[in-house]
Amino acid sequence: MNKLRIAALAAMMIAGFLPVTGQAQTVTNHYDYTEAFNPFFYTNNGTEYRSASGMPGPKYWQNAVDYKISARLNDQTNEITASVTLEYTNNSPDEMDFIWLQLDQNMFSQEGRGHLIVPLTKSRYGDARSDFDGGYDIQAVKLGNGKAAEHLITDTRMQVFLPDPLQPNGGHATITIDYSYIVPTHGADRTSVLETQNGKIFAVAQWFPRVAVYDDVLGWNVQPYTGPGEFYLEFGNYEVEITAPANHIVVMGGELLNPNDVYTAEQVKRLEQAKKSDETVVIRSAEEVTLPDSRPQGKKELTWKFKLQNAHDVAWASSPAFIVDGAKINLPSGNSALALSAYPVESNGGNAWERATEYTKASIEFYSDLLMGYPYPVAVNVAAEIGGMEYPAIVFCSYKSKGRGLWGVTDHEFGHIWFPMIVGSNERLHAWMDEGFNTFINDLSTEAFNDGEYYRAAGDANRMAQALTRPDLEPVMSTPQNMQERNIGILAYFKPGFGLTLLRNEILGPERFDRAFKTYLHRWAYKHPTPDDFFRTMENVAGENLNWFWRGWFKYNWRFDQGIVKVTTDASDPEGNGLITVENFEKMPMPVVVDITTESGKVHRMKLPVEIWERNTKWTFKAPTDEKIVTVQLDPDKVYPDHNPDNNRWDMTEQ
């Protein structure tokens with residue numbers, strides 16, 4: 001999903017009282033250290049499936065499914081007609097009497113729950129007033145023996161009943177489904193049809209019945225698809241054939257097996273050049289788009305053959321309007337992949353999509369070095385009528401994007417290859433585990449790209465706190481379906497992303513954080529982690545009890561407010577010279593960072609650990625100086641989400 005840009009909020013700061021020496025503030029204190037540091041954060045002990053250390057247990061299992069799909073696109077009616085055969089493997093310890101499948105296109109039916117719950121006001125996920133009536137037309141459901149399978153369709157789910165129980169620990173089932181559907185023009189900003197001057201661009205996703213996940217957490221995950229929540233799918237291999245009009249170019253997240261059949265000889269030559277070039281190679285130019293000989297001649301249709309391995313979805317795009325270019329992606333292993341961009345002439349020029357391959361290459365090379373090598377043979381960037389949406393090895397980005405916006409959406413969508421395409425978390429329930437993690441790594445990538453060409457520092461966290469901890473926000477650990485749509489950008493993207501930055505830079509430090517974060521990725525690559533698996537891994541690898549942080553920032557929407565309540569500067573004061581008292585007023589604790597300036601102009605920085613708040617609401621400490629104190633400043637770099645910074649400063653001249 002496209003990283004939502006959160007506008008600067010002109011909210012008023014909550015008023016505080018300037019501290020006066022020897023006089024306590026009359027601010028209500030909401031802090032409860034027994035609640036903040038309650039040791040019983042985890043509700044379950046480790047199991048044989050999921051270790052208490054955060055790693056997969058010795059008997060961890062997950063099911064798998066391979067797909068063979070044959071589809072035909074009618075670009076006049078926007079209809080896809082297809083057949084999918086799925087080979088399902090039950091690695092669980094349980095017998096299965098039925099298998100659940102996801103039918104996401106049924107959201108676009110007039111009777112679909114997702115359509116019925118879209119508000120009349122503008123929504124990313126659809127228009128309740130639209131008269132489009134989509135959804136799957138399921139023509140046949142058959143078992144491996146060719147017999148019809150009893151099945152029941154409920155909204156965006158289909159339950160296929162098995163004549164004999166599917167055995168545990170490796171049992172196999174084969175199901176073939178024949179179906180068709182009309183591609184929605186605006187498919188919840190995830191799939192679409194875009195009209196251009198040289199023909200339609202079809203961005204095709206959620207386009208075949210997909211097996212739901214059966215796991216050790218919920219059993220069958222059968223949450224209906226209603227738009228805000230994305231996906232939770234099993235890993236497997238894909239063999240796909242797409243038949244499209246011969247004047248179309250088809251791109252898919254996967255290896256193209258028959259380039260000589262679907263490209264011209266010159267285009268095949270350029271494609272091979274692109275695979276070896278660090279600079280962008282044009283495979284089909286803007287000038288060639290309208291030339292008939294830029295497509296193979298003599299046929300009305302062409303069949304494109306692809307394969308993709310160890311992925312949990314597959315998507316594609318098709319159009320007669322595509323400019324195509326590409327370049328080599330260099331991987332840490334010494335191998336390479338192909339960056340490929342497909343876009344219309346409307347998107348070409350003016351620091352726009354002619355740089356898309358450059359952006360794709362840079363983004364994937366950065367994350368491959370930082371986290372784990374890119375796993376797919378190709379990375380396809382498609383210009384479409386979609387703000388931004390990710391699928392394995394292919395992303396759809398707005399055809400209108402350019403400059404910083406195009407870099408941002410490209411980098412964000414390809415960052416999703418690691419979260420959640422490699423680390424397969426449950427996006428239906430835990431959007432923050434892919435969007436928030438991705439937002440966090442995007443900041444690192446943007447700072448590195450082209451010497452910071454598009455980088456902007458985060459800025460004053462005190463001001464951001466006004467938006468991040470608004471009292472009317474739901475907790476981060478809410479499902480996206482359970483958030484106000486206007487809050488999803490903050491809660492799924494920005495707040496968890498900021499939280500990880502805070503954890504890295506201020507609480508753990510980059511060395512410990514980076515090791516733990518990378519360990520989490522490698523432990524759960526191609527598996528299904530839960531929030532506890534992430535929390536436990538970070539604590540065990542970094543060696544830190546962080547339940548106070550997870551509780552306040554993720555589980556609850558706690559606010560943070562530290563303040564200076566007393567400074568003694570008089571040597572005759574019985575309490576002593578240079579004593580500073582700080583108070584934690586709100587429910588969220590944090591470490592203390594303070595700058596103490598003395599009358600000689602020297603600045604002393606002190607850092608106090610979060611543990612000072614384990615059994616205290618106030619803390620008094622001695623300044624590391626015998627000089628007279630002139631000013632005291634809490635959070636001098638403004639990196640903590642203190643929503644009330646007015647009480648962060650003590651100034652002798654104001655007393």
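In β19, which residue is the bridge partner of V250? It is S318, and I shall return to that pair after a word on the model.

This is a predicted model, in which local features need pLDDT of at least 70, side-chain atom pairs count only at pLDDT 80 or more, and totals for chains, interfaces and linings use all residues. Residues are numbered from 1 along each chain as its sequence is written, and side-chain values use heavy atoms, with hydrogens and water left out.

Let me begin with the sheet. Helices (H or I, at least four residues) and strands (E, at least two) are DSSP runs, numbered from the N terminus, and two strands pair if DSSP finds at least two bridges between them. In general, strands of a sheet pair through backbone hydrogen bonds, either parallel or antiparallel. Here five strands make up an open sheet, ordered β8-β9-β10-β19-β15, with antiparallel pairing. Its edges are β8 (186–187) and β15 (249–252), each of which pairs on one side only. The strands β15 and β19 run antiparallel and are joined by four bridges; V250 opposite S318 belongs to this part of the sheet.

Next, a hairpin. Strands β23 (residues 388–391) and β24 (residues 394–398) pair in the antiparallel sense over four bridges. Two residues separate them, and in the turn A393 has a positive phi of about 70°. Within β23, G388 and E390 point one way while M389 and Y391 point the other, and all are buried; buried means under 20% relative accessible area, exposed over 50%, and partly exposed in between, with a 1.4 Å probe and protein chains only. Across the hairpin, E390 stands opposite V395 in β24.

I turn now to charged contacts. A salt bridge is a side-chain nitrogen of Lys or Arg within 4 Å of a carboxyl oxygen of Asp or Glu, and the structure holds 24 of them. Consider D313 and R210, whose closest N and O atoms are 2.5 Å apart. This pair links distant parts of the chain: D313 is in the loop between β18 (301–311) and β19 (316–319), R210 is in strand β11 (residues 210–211), and their positions lie 103 residues apart in the count. D313 is buried at 2% relative accessibility, and R210 is buried at 1%.

A second bridge joins K361 and D278 at 2.9 Å, N to O. K361 lies in helix α5 (residues 356–370) and D278 in the loop between α4 (265–274) and β17 (281–284), so the pair ties together parts 83 residues apart in sequence. K361 is buried, with a relative accessible area of 11%, whereas D278 is partly exposed at 41%. Shared partners also join D104, R210, D313 and R428 into one network of salt bridges.

Finally, the second largest pocket. A pocket, on a 1 Å grid over the protein atoms alone, is an open set of points where a 1.4 Å probe fits, with protein on both sides within 12 Å along at least five of seven lines; lining residues have an atom within 4 Å of a point. Its volume, the space filled by probe spheres set on the points, is about 690 Å³. The lining has 29 residues, and S123, R124, G126, D127 and H186 lie nearest the centre. By class, the lining holds 11 nonpolar, 11 polar and seven charged residues; Ala, Val, Leu, Ile, Met, Phe, Trp, Tyr, Cys and Pro count as nonpolar, Asp, Glu, Lys and Arg as charged, and the others, Gly among them, as polar.
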